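Student: Could you take me through one part of this structure slowly? I would like to look at how side chains meet each other.

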Amino acid sequence: MRRLPKLAAARPVAVIALSLVLALGVFALSGYSAGAIAAGTIEGSVGSPAALTQTVRWFIPLLIIALGVGLAFQAGYFNIGAQGQMYVGAIGSLAVGLAWREGPPLLVVPCAFAAGIALGALWSLVPGLLRTKLGADEVVTSLMMNFIAVLLLEWVCTGPLKSGDGTGQAATTDPLPAAFRLSDGSGVSLTLLLLCGVLVAGAVALNSRTRLGLEIRVVGRNPVMAQWMGIRASRVGLVVFALSGAAAGLAGVVEAYGPAGSLRAGFSPQVGFMAVIVALVGSLGPLRTLLAALFFGGLRAATLYLPIVSDLPQAGLDMLNGMVALWITVSAVPVLMRRRRLRDPVHAGGGLPADPVRDDREAVRSRG
């Protein structure tokens, strides 16, 4: 029960450092300059005002999604469908903005936020219901929902919301009116930073000041104890699925109304999956999640910058991200799987576990 705090406190830092060293070693053995790649990584993430802007640009959606996914992890559930939930949130919010182009921004934008958040939550509740009511593996179902969302986005961008400007970019929607935008093309604005601050403060309050936060922690760390305390684990599971989907849907709104201003098929394809890694690194607290999102935002900005200063191919950049993700997942999944094994017998049995005191007495009698 106490192993996850130790993991969150020290292991991710060591795992990330080891992954970066291994990746640089592989690049060096392949004939690339590890020094140039390391210098390019630092320069591309924090080496200039433009690099810092890119880091913050990617930090924002990663933080928003990871705060929600981390709640699901804390309760012992694997929500791997953040990418799809972000897509449907972006689709819903953009549809509101395009359908109500002449509306007042102070009314249209809140409605768009509500639509994106609600659609993200509903999309996430599908694997949540399948998990809590039928016992279906949420890893598989949430992953499959990602593929459905990708196809839905392609259909929307080539069908009902297809751009009519005749530029030949078929898989793109019409742009939103400038008055609706939350930021310019950089993706960074005071509004979005304030939104991140509010979300982190809300997550801290939820974890430390509310009954729901306590129930999430108890269900995640000791489901048997939760059932003895009268906590309905299935209800908590549905709540965390809805909250994590709502956060991912909100990130979709931020992407649509922020840097993009429109949608195109397959936009930001790695954000949702990288946010899952961010949530794994910081799953025990919003502040750790904030720091993890800053790191991975910088890593994302660096991988976009590296092709400019090195001849490293895109496959090498993907390997850099993948190696960090692999080792973080390998180090964190056993702890989460242990939580699932503790939780599953409770759900499968449908009732309270056997009385441990009575079991001890029966064991004593059987020994004579």
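Student: Let me start with two rings: are F73 and F78 buried or exposed?

Tutor: Happy to help, and please keep in mind that this is a predicted model. Both F73 and F78 are buried. The two rings also form an aromatic pair, with 6.0 Å from centre to centre and 70° between the planes. A pair of aromatic rings is described by the distance of the centres and the angle of the planes. Planes over 60 degrees apart count as edge-to-face, and edge-to-face is how F73 and F78 are described.

A search of the whole structure finds 4 aromatic pairs, and another one of them joins Y87 and F267. Here the centres are 4.9 Å apart, and the planes make an angle of 50°, so the pair is called tilted. Y87 is buried, and F267 is buried too. Now look at where these two residues sit: Y87 belongs to helix α5, while F267 is in the loop between α11 (233-260) and α12 (271-281), so their pairing ties together parts that are 180 residues apart in sequence.

Let us stay with rings a moment longer and turn to W58. The charged end of R57 sits over the ring of W58, 3.8 Å from its centre. R300 also has its charged end over the ring of W58, at 4.7 Å from the centre.

From there we can move on to charges that meet charges. The structure holds 5 salt bridges. One of them links D174 with R101, and the closest N and O atoms are 3.4 Å apart. D174 lies in the loop between α7 (138-158) and α8 (190-209), and R101 lies in the loop between α5 (82-99) and α6 (105-134), so this salt bridge ties together parts that are 73 residues apart in sequence. R101 has 36% relative accessibility, so it counts as partly exposed.

Another salt bridge brings the side chains of R131 and E138 together, at 3.5 Å from N to O. For this pair, R131 is buried and E138 is buried as well.

Next, try finding helix α9, which covers residues 211-221. E215 and R211 both lie in this helix, 4 residues apart, about one turn of the helix. Their side chains meet in a salt bridge of 3.0 Å, N to O. What about their surroundings? E215 has 6% relative accessibility, so it counts as buried, whereas R211, at 64%, counts as exposed. There is a third partner as well: R211, E215 and R235 are linked in a network of salt bridges. Leaving aside residues up to four places away in sequence, E215 touches I231, R235 and V236.

Finally, let us visit the largest pocket, which has a volume of about 270 Å³. Of the 13 residues that line this pocket, L67, L71, L199, L243 and A247 are the closest to its centre. Three helices, α4 (49-74), α8 and α11, are the elements that give two or more residues to the lining.

To return to your starting point, F73 and F78 are both buried, and their rings meet edge-to-face.

Terms used. Residues are numbered from 1 along each chain as its sequence is written. This is a predicted model: local features need pLDDT of at least 70, side-chain atom pairs count only at pLDDT 80 or more; totals for chains, interfaces and linings use all residues. Side-chain values use heavy atoms; hydrogens and water are left out. A salt bridge is a side-chain nitrogen of Lys or Arg within 4 Å of a carboxyl oxygen of Asp or Glu. Buried means under 20% relative accessible area, exposed over 50%, partly exposed in between (1.4 Å probe, protein chains only). Rings of Phe, Tyr and Trp (its six-membered ring) pair if their centres lie within 6.5 Å; planes under 30 degrees apart count as stacked, over 60 as edge-to-face and the rest as tilted. A charge sits over a ring if NZ of Lys or CZ of Arg is within 6 Å of the ring centre and within 35 degrees of the ring normal. Contact means heavy atoms within 4.5 Å. On a 1 Å grid over the protein atoms alone, a cavity is a set of points where a 1.4 Å probe fits but cannot get out, and a pocket is an open set with protein on both sides within 12 Å along at least five of seven lines; lining residues have an atom within 4 Å of a point. Grid points are joined across faces, edges and corners, and a volume is the space filled by probe spheres set on the points.
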